[in-house]
Amino acid sequence: MKTTTLHPGKDGAGEVKRTVLPGGLRVVTETMPTVRSVAVGMWVGIGSRDEAPEHMGATHFLEHLLFKGTPTRDAMEISASIEGIGGEINAFTAKEYTCYYARVLDEDLPVAVDVLADVVTSSLVTEDDVESERGVILEEIAMHDDDPSDVVHEQFAAELYGDSPIGRPILGTVESIHALGRERISEYYHRYYRPRRTVVSVAGNVRHEDVVELVARAYERAGALSGPEEYEPPRTSGPGAAPRSGVRVLDRPTEQANLVLGTTGLARTDDRRFALGVLNAALGGGMSSRLFQEIREKRGLAYSAYSYTSAYADTGQFGIYVGCLPSKIDDVLKICRDEVARVIAEGLTEEEIGRGKGQMRGGLVLGLEDTGSRMSRIGKNELVYEELMSVDEVLARIEAVTPEEIGEIARDVLNRPLTLAVIGPYGDKDFSDAIR
């Protein structure tokens, strides 16, 4: 059992330590002695992009099923164990990982660790639970499909990456959920939910040694703590597909059109990600951004307009989202294209760069004010990066971004072939000119 101090506590940040247990299970903690709460997360390095076509939606389906019961707790007891002490418990599935988490008072840390470890290691995955939860997931898909502002992002990814694991929806489809049976989901669970793929992250008023003891005891009780202290390294590639350029239009009688215009971005370990972050913040990251000012403030063409980036192991996305009246979409698309072209040709002003850096710095620091966000930061970092950068190191990397670097990343990313997804009452309207 090896323990490493990843960062000493200083400048408002707590001490971060990591211990690797038998089987490769990693425990990472950040000590925050001035708070009375604790956040616990169990991160499993399996996401929707790891699914074979016949498993589509299985990762998210499994996330639901793990809360249905174990040999020692039924579904009611799982939720009541945490909610009965004033805490909260939940989970989420992403493209490259799944997280189960709880937030409780510091004195109730043993309960949170025991319940989450029980859920992650010992789910029963019964036939009855699969059938009952199938209906819940189909309702979730229906709810998602009723929100075009969600669907348009999914359609954008599908058009950008095609019928590939990273382009498919996390929830699966109605057809794939109907096709998933208990045996297939259980096999998926026992194959991938291994200690060597798992990170337990805890942030709050805790001692690292106490957390390690609690986690080790819970995993030993489940018979899930054995073998060499070797863990799965961060993924650097995936079963993706070459990005494409194209247009996808869903004809729906909506009162508002929803669009995403964008292209591929950067992988999460690309050193240029800080420059792209500043560029994104200035172009569409807030109310003072170019896109918001041009589309909403000056012309009143939309209520919501922003740009965003997302990053994966081997690729990423850059997108511009706008929701507008269907009659205004041509004007909105022209503004988006014009502003992108202007950034490629001229870069950003010093004032814009300053605002972009300030927005990134503030977003980072203000986003780490509670135990939940601190837990997420150290857990996700341990799972997907080779090293944990301190907050001060990240701030320094943001501040070091130069106008030249922003210009270079704009000419690279924003010059890539474009993809457009649109939802609205457009019939067979041709949007191909928008991506040329």
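**Burial, contacts and cysteines in a predicted model**

Q: Why is alanine 275 called buried in this predicted model?
A: Alanine 275 has a relative accessible area of 5%. Buried means under 20%, so alanine 275 counts as buried.

Q: Where does alanine 275 lie, and which residues does alanine 275 touch, not counting residues up to four places away in sequence?
A: Alanine 275 is part of helix α9, residues 273-284. With residues up to four places away in sequence left out, alanine 275 touches Val401, Glu405, Ile406 and Ile409. To count as touching, heavy atoms must come within 4.5 Å.

Q: What separates the C-alpha atoms of alanine 275 and glutamate 404, along the chain and in space?
A: Along the chain they are 129 residues apart, and in space the separation is 9.5 Å.

Q: How do you know whether tryptophan 43 is buried or exposed?
A: The relative accessibility of tryptophan 43 is 2%. The limit for buried is under 20%, whereas exposed needs over 50%, so tryptophan 43 is buried. Tryptophan 43 sits in strand β4, which covers residues 37-44. Its C-alpha atom is 19 Å from that of leucine 124, a residue 81 positions away along the chain.

Q: Why is there no bond between the sulfurs of cysteine 324 and cysteine 336?
A: The cysteine sulfur closest to that of cysteine 324 belongs to cysteine 336, at 8.8 Å. A disulfide needs the two sulfur atoms within 2.5 Å, so this pair is too far apart for a bond. Cysteine 336 is likewise in no disulfide, its nearest cysteine sulfur being that of cysteine 324. The disulfide count is zero.

Q: What makes cysteine 324 and cysteine 336 count as buried?
A: Cysteine 324 has 2% relative accessibility and cysteine 336 has 0%. Buried means under 20%, so cysteine 324 counts as buried, and so does cysteine 336.

Q: How many helices and strands does the protein have?
A: There are 15 helices and twelve strands.

Q: What makes the protein as compact as a globular protein of its length?
A: Its radius of gyration is 23 Å, and the globule rule gives 22 Å for 436 residues. The two values are close, so the protein is as compact as a globular protein of that length. Along the principal axes, the C-alpha atoms fill a box of roughly 60 × 50 × 35 Å.

Q: What share of the residues is buried, and what share of the contacts joins residues 24 or more positions apart?
A: Buried residues make up 54% of the 436. Among contacts with a separation of 6 or more, 80% are between residues 24 or more positions apart.

Notes
Residues numbered from 1 in each chain as written. Predicted model: local features only at pLDDT ≥ 70, side-chain atom pairs only at ≥ 80, totals over all residues. Heavy atoms only, no water. Helix = DSSP H or I, 4+ residues; strand = E, 2+ residues; numbered from the N terminus. Rg over C-alpha atoms; globule rule 2.2 N^0.38 Å. Buried < 20%, exposed > 50% of the residue type's maximum accessible area, 1.4 Å probe, protein only.
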